[in-house]
Amino acid sequence: MLQSNPALLDIVSHAKTGFSDRFGFNATLAAAAPGRVNLIGEHIDYCDGFVMPFAIDRYIVVVGSANGTPHARVSSAISDEIATLDLTQLQEISEPKWANYLRGVIRGFQDLGHTIPGFDAYIDSSIPGGAGLSSSAALECAMATFLEGLLEIQLGTKEKALLCQKAEHDFANVPCGIMDQYASAFGEPNRLVLIDCQTGEPKLVPFEDPSLTVLISNTMVHHELSDGGYALRRKHTEDGLEIIGKSSWRDVTEAEVRDRWEILGDPINRRARHVVGEISRTLAAATALADNDVEALGPLMAASHDSLRDDFEVSCHELDLMVEIARKIGRSGGVIGTRMTGGGFGGSTVTLCESKHADSIAAMLGAEYEKATGITPQIFASRPSRGAHLLE
Ligand code: ADP
Ligand code: MG
């Protein structure tokens, strides 16, 4: 049941073959950027909160070469079409949709004053799309890194992550926080990326214990309401903050939310309770890790899931089911903590477990989930890995 992660160099070599098949010459540049999984701190990166994701060892790879024309031609293993972009113009949203992430990133470079030379590029990936593992942020960060290689420049890591976040806002219409692009850009092997979303500063937190394994269980469902649902949640948090009369969620206490429960009204009061609770849970989790008290993560992850399910209402039947199965396996079966991860409405759960039980836990999660839903989930283990970089 436990799927293996394709080696990065195999994805690159696959992408290079895809490139030469499609364009008839060889790619000379290759960039990779990882997806991410969030251990704790959900839906609070746009609320000045703390979040604690890591870059997973699954990647989007962009390979390509300059083509001596004023156009970019881009193609992906997931699509037969070649998107042609006129680089003499400022990029705008267009078709095909998947190429908008690339247009957004190119636009970011154009807005910085760069003239992009014509190029051909091909995309391959080991990150399941729409699974809450941020294939979109990985695509943006891989493209930005590819352009750095093409232009022979290097942006600051923070500048690159923010440019990619803006591409997601303006070209994919997702008003996301900074977590996904930060994790993909700043990731390091054996490190979690603890982000203070108020200051925009990431801190790398050691996560090296080989006796711990992080399992990612992709429910394989993606509910359509996600697009509007994400923006609406963000709006609720903005409205809540305004009613409370503070300029940052970091200055709001649980008591203040309780005191204003009626004025906030439903569902904004529950959204507010999630934000404030999740910020303190994430800080508690970071402290626990620093103290080597990994067992403390269990109750924190459980409370995070319950809050996302009941107060923030971004879970769904399939995520709850996957979490319930892991909870039933329990601490005696090697499960330390489990929760939904990512934006929700489908996607994946994250389960922290003892490495020696990882195979049996994955087998049970897979079998029980399939028995209940008829859907075969995708389950793999992940270790923190290196953020966006050029290869060679
Ligand atoms: P997530 O970021 O959680 O994976 P999103 O819906 O934000 O989900 O992003 C998924 C979108 O990213 C896809 O619909 C597609 O447009 C784009 N994408 C992901 N992987 C690829 C790929 N390998 N090639 C081209 N586009 C991709
Ligand atoms: Mg995304």
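1. Let me start at the ligand. A backbone N or O atom of Gly132 sits 3.3 Å from an oxygen atom of ligand 1, a polar contact in the sense of a pair of N or O atoms within 3.5 Å. Two side chains join in: an N or O atom of Ser76 is 2.8 Å from a nitrogen atom of ligand 1, and an N or O atom of Ser136 is 3.0 Å from an oxygen atom of the ligand. Of the 570 Å² of accessible area that ligand 1 has on its own, the protein covers 78% (Shrake-Rupley method, 1.4 Å probe).

2. Before going on, please keep in mind that this is a predicted model, where local features need pLDDT of at least 70 and side-chain atom pairs count only at pLDDT 80 or more, while totals for chains, interfaces and linings use all residues. Residues are numbered from 1 along each chain as its sequence is written, chains are lettered from A and ligands numbered from 1 in the order in which they are written, and side-chain values use heavy atoms, with hydrogens and water left out.

3. Now the shell around ligand 1. It holds 16 residues, and Ser76, Gly130, Ser134, Ser135 and Ser136 come nearest; a residue counts as near if one of its heavy atoms lies within 4 Å. Strand 7 (119-125) and helix 3 (135-151) each supply at least two shell residues, and helix 3 gives the most, with 3. Helices here are DSSP runs of H or I with at least four residues, and strands are runs of E with at least two, numbered from the N terminus. By class, the shell has 8 nonpolar, 8 polar and no charged residues; Gly counts as polar, and Asp, Glu, Lys and Arg as charged.

4. Where does ligand 1 sit? The space it takes is the largest pocket, with a volume of about 1300 Å³. A pocket is an open set of points on a 1 Å grid over the protein atoms alone, with protein on both sides within 12 Å along at least five of seven lines, and its lining residues have an atom within 4 Å of a point. Of the 48 lining residues, Tyr101, Gly130, Ser135, Ser136 and Glu168 are the closest to the centre. The lining has 20 nonpolar, 20 polar and 8 charged residues.

5. You may like to look at the second largest pocket too, which holds about 300 Å³ of space. Among its 17 lining residues, Gln154, Thr157, Lys160, Ala388 and His389 are the closest to the centre. Helix 3, helix 4, helix 5 and strand 14 (389-390) each give two or more residues to this lining. The classes are 6 nonpolar, 7 polar and 4 charged.

6. Finally, a few backbone spots to check by eye. Most residues other than glycine have a negative phi, and most peptide bonds are trans. A cis peptide bond joins Glu95 and Pro96, with omega about -10°, and Pro96 lies in the loop between strand 6 (82-86) and helix 2. Another cis peptide bond joins Asp266 and Pro267, with omega about 10°; Pro267 is in the loop between helix 8 (261-264) and helix 9 (268-290). Met220 has a positive phi, near 70°, and belongs to strand 10 (residues 212-222).

Methods. A polar contact is a pair of N or O atoms within 3.5 Å; within protein, one must be able to donate a hydrogen and the other to accept it, and residues adjacent in sequence count only if both atoms are side-chain atoms. On a 1 Å grid over the protein atoms alone, a cavity is a set of points where a 1.4 Å probe fits but cannot get out, and a pocket is an open set with protein on both sides within 12 Å along at least five of seven lines; lining residues have an atom within 4 Å of a point. A molecule sits in a cavity or pocket if more than half of its atoms lie within 2 Å of its grid points. Grid points are joined across faces, edges and corners, and a volume is the space filled by probe spheres set on the points.
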